[in-house]
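Got the viewer open? Load the model and keep the selection box handy, and we'll walk through it one stop at a time.

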Amino acid sequence: MTDSDKLALKQNTAAIRCKLIVKETDTLPEIVLTENDAVKNWTYSDNRYVPKQGFIGQFVARTLEGELHNISDDFNIENREIELLIGVVDGGKNTTNWYSYGNFIVTNPEDNNVKDNTSFQAMDYTKLFNKQFDGDFTNGTYTKSYNETIKTTSVTALWLAKY
């Protein structure tokens, strides 16, 4: 963020705006949503994330929640990737500078029925850490599964990190 935008925010001469870019997929086009047309409210936060089991350590997970309105009936963003852009509107200069706060994967729309107000929750790529570990998985790189390998290999932290 530029120093002039920081100063304008500090002096209360700027406003913050939101833009959500729903990324295109193989079958769906990109959609840009703003406070002028569809974004009713939104909340960005970052929190310390410690999975309940099967993970060593912790990291910061970023989340995005919001409510959309005036959405068409065929609108579906579940499991789609969205980019959050924060705009600093400097009233004195009448300019808007946009800053990307990263990409998020929509984890939970309110329900499958689109209505006047549709709530959603999204998480950054840390959502991908929630996948269940498959100890029996094999492929060309790992011809023996993890479960089979640890029966014949002395497991150390270094070995586990390399695996």
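Which residues does Asp90 touch, not counting those up to four places away in sequence? Select Asp90 and look around: the contacts are Ala8, Thr13, Ala14 and Thr95. Bear in mind as you click that this is a predicted model. You'll find Asp90 in strand E5, which covers residues 81–90. Is Asp90 buried or exposed? Its relative accessibility is 7%, so Asp90 counts as buried.

**Zoom out**

Switch to cartoon for the whole chain. You should see 3 helices and 7 strands. Reading from the N terminus, the order is α-β-β-β-β-β-β-β-α-α. The chain has 163 residues, and 30% of them are buried. Now for a contact map: take the contacts between residues at least 6 apart in sequence, and 52% of them join residues at least 24 apart. Turn on the surface and you are looking at about 11100 Å² of exposed area, with carbon and sulfur atoms supplying 48% of it.

**Into the core**

Next, select Leu20, Leu33, Leu64, Leu68, Ile82 and Phe120 and show their side chains. These are the residues with the most contacts inside the largest nonpolar core, which has 18 residues. Which strands each supply at least two residues of this core? Colour E1 (14–22), E4 (59–69), E5, E6 (95–109) and E7 (117–123), and you have them.

**Salt bridges**

How many salt bridges does a search of the whole structure find? There are 3, and each gets a stop.

Start with Arg17 and Glu35, whose side chains meet at 4.0 Å, N to O. Arg17 sits in strand E1, while Glu35 is in the loop between strand E2 (31–34) and strand E3 (39–49), so to speak a link between distant parts of the chain, 18 residues apart. Both partners are partly exposed: Arg17 has a relative accessible area of 39%, and Glu35 has 29%.

Now pick Lys23 and Glu83. Their side chains form a salt bridge at 3.0 Å, N to O. Here the loop between E1 and E2 provides Lys23 and strand E5 provides Glu83, with their places 60 residues apart in the sequence count. Check the burial of each end: Lys23 is partly exposed at 24% relative accessibility, whereas Glu83 counts as buried at 16%. The cut-off for buried is under 20%, which is why the two ends get separate labels.

Last of the set, select Asp124 and Arg62, joined by a salt bridge at 3.2 Å, N to O. Asp124 lies in the loop between E7 and helix H2 (146–149) and Arg62 lies in strand E4, so this pair ties together parts that are 62 residues apart in sequence. Asp124 is buried, with a relative accessible area of 7%, and Arg62 is partly exposed at 22%.

**Out to the surface**

For the final stop, select Ile150, Val155 and Leu160 with the surface on. Together they make a nonpolar surface patch of about 210 Å². Leu160 belongs to helix H3, residues 157–162. Its relative accessible area is 37%, so Leu160 is partly exposed.

Notes. Residues are numbered from 1 along each chain as its sequence is written. This is a predicted model: local features need pLDDT of at least 70, side-chain atom pairs count only at pLDDT 80 or more; totals for chains, interfaces and linings use all residues. Side-chain values use heavy atoms; hydrogens and water are left out. Helices (H or I, at least four residues) and strands (E, at least two) are DSSP runs, numbered from the N terminus. Buried means under 20% relative accessible area, exposed over 50%, partly exposed in between (1.4 Å probe, protein chains only). Contact means heavy atoms within 4.5 Å. A nonpolar core is a set of buried Ala, Val, Leu, Ile, Met, Phe, Trp, Tyr and Cys residues joined through side-chain atoms within 4.5 Å. Patches are made of residues with over 30% relative accessible area and no salt bridge: like charges are joined within 9 Å, nonpolar side chains (Val, Leu, Ile, Met, Phe, Trp, Tyr) within 5 Å. Accessible areas come from the Shrake-Rupley method with a 1.4 Å probe; for residues, only the protein chains shown count as cover.
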